[in-house]
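Please look over the model below before reading on. The points after it are meant for someone who has not seen this structure before.

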Amino acid sequence: MKGIKREKGALKAAFKTRNFKAGSMSLAVCAVVVVIAVLVNMIVSTLPSKWTDLDISGTDLYTLGEYSKQIAREVDGDVTIYHLTTESEKDTTLSTLLARYADLNSHIKVEVRDPEISQIASQYTDDALSANSLIFVSDKRSKVVDYADIYQYSEQAQMYAYYGQSVSPDIFDGEGQITSALNYVTTDVLPKIYALTGHGEYTLGTTVQSAIASENIELCELDLVMEKTVPEDCACLLILGPNVDISDSERTAILTYLEGGGRLLACAIPAMDQKAATPNFDKLLAAYGVETSDGFVVEGDTSSYYQYPNYLVPTLNSHEITDPLIENNYHVFMPLVQSISAVKTIRSTLEVTSLMTTSDSAFSRTDLTNNSAEKAEGDTDGPFDVAFAVTEQVKDGETRAVILGTPYFLDDNFILYAGNSNLLLNALKWMCDLEENISVVESKALSGGGSLEMTDSGTSLWSFGITVILPLVLIIVGIVIFVRRKKR
């Protein structure tokens, strides 16, 4: 019995030693660290992707512009984005970008669905979709974005392909496509615009048409000879550089439309294109404060043109349409511009604002046989206005017009420039009463590094390190400290 008592006493004494207390403290610290690690892991798992996925792409592939953020934040009804892919085929660039939108608004949900076993796609389209395609669904409508529309080819890549070289898509339009689809399935306003036909007008290319469609604006054609009047649902009428004049009845129909609060985007076309005289079209423009002349503009300042003196790079003036371009330091390229100017005497209700202006060194030329870049006798001194925005308060609202000296800034060779495309889209949004959407959106180049992101496998590895490896290391260190002190 005495031996047992001595052992119990020694055991109690051991619990009271300095070494035991120090070791116990180490183990307690390890336990606290384990608890903290578990809590940290739980917190990190709930953080938005913008805090766990850092964009080091070099081209801001995962950084949303202010316009996209605005559209996402204004979603006030549930929107589900079905990402048709498998884990092995998932485009992490696209999924990371989708997560950015979901972080901005709890109404936006992203669901990954295996296209092979899911029936989602067949509910919204009869087309065969590529892996990583997206389907946006709200209580108003749905929209399908095929994966092939998200990755595109730049003009340079298309040129290489034309000469037989193998190329890959080098433009990522994920933000543009996602923002457009979100806006489409949630907006209450889907404007319809009409392009006048029958007068040899400039024809919009597929790139421009796609850009207009991406803003959820429907483009239709209008033959006023057949229709007689501008449709009631016309949010804006386009008259793009007619080579043949409009008739008296067409001019009357268009004026009636504008006097009732209609909207007009009109482009004059330079005489160098051998167009016929267009007195009715010219009178239409003059009725809204802009007059044309027979000359075309030549720029004398080498910093104000691109490649050729008649390919202008005008100075942008402040207006709702142009302010976003000015803020982002975008240039607009205006080739082959007809000389236009504000009418000196206009009715008091008209407000005519210049959108773009040439340098003081520009001049207007009427002699089509003179190919010199130098000012010659008979040329008219500049500067010249290249485009105007016009407003007039009327009984039924406000008439708006944008009048430009050329339609060629819409050519596929120029519309790829962010300044040109955004000038057109902002002008259309201004005239379609979509001012809150006026901004700049630009596709992003696929270059630079990748996203510093937590993929599923990366997240699992990180969690394992925090919850298992780190605590185990700390416990081992604590045990070593305890044993060493015990031996002292």
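The numbered points below cover the basis of the model, its nonpolar cores and its salt bridges.

1. This is a predicted model, in which local features need pLDDT of at least 70, side-chain atom pairs count only at pLDDT 80 or more, and totals for chains, interfaces and linings use all residues. Residues are numbered from 1 along each chain as its sequence is written, and side-chain values use heavy atoms, with hydrogens and water left out.

2. The largest nonpolar core (buried Ala, Val, Leu, Ile, Met, Phe, Trp, Tyr and Cys residues joined through side-chain atoms within 4.5 Å; buried means under 20% relative accessible area, exposed over 50%, partly exposed in between, with a 1.4 Å probe and protein chains only) has 48 residues. Leu265, Met356, Leu404 and Leu428 have the most contacts inside this core. Among the elements that each supply at least two of its residues are strand S10 (263-267) and helix H15 (418-431); H15 gives the most, eight residues. Helices (H or I, at least four residues) and strands (E, at least two) are DSSP runs, numbered from the N terminus.

3. A second, separate core has 29 residues, including Leu237 and Ala401.

4. There are 13 salt bridges (a side-chain nitrogen of Lys or Arg within 4 Å of a carboxyl oxygen of Asp or Glu) in the model. Glu398 and Arg400 form one, with the closest N and O atoms 2.7 Å apart. Glu398 is buried at 17% relative accessible area, and Arg400 is buried at 9%. Salt bridges with shared partners link Arg263, Glu398, Arg400, Asp433 and Glu435 into one network.
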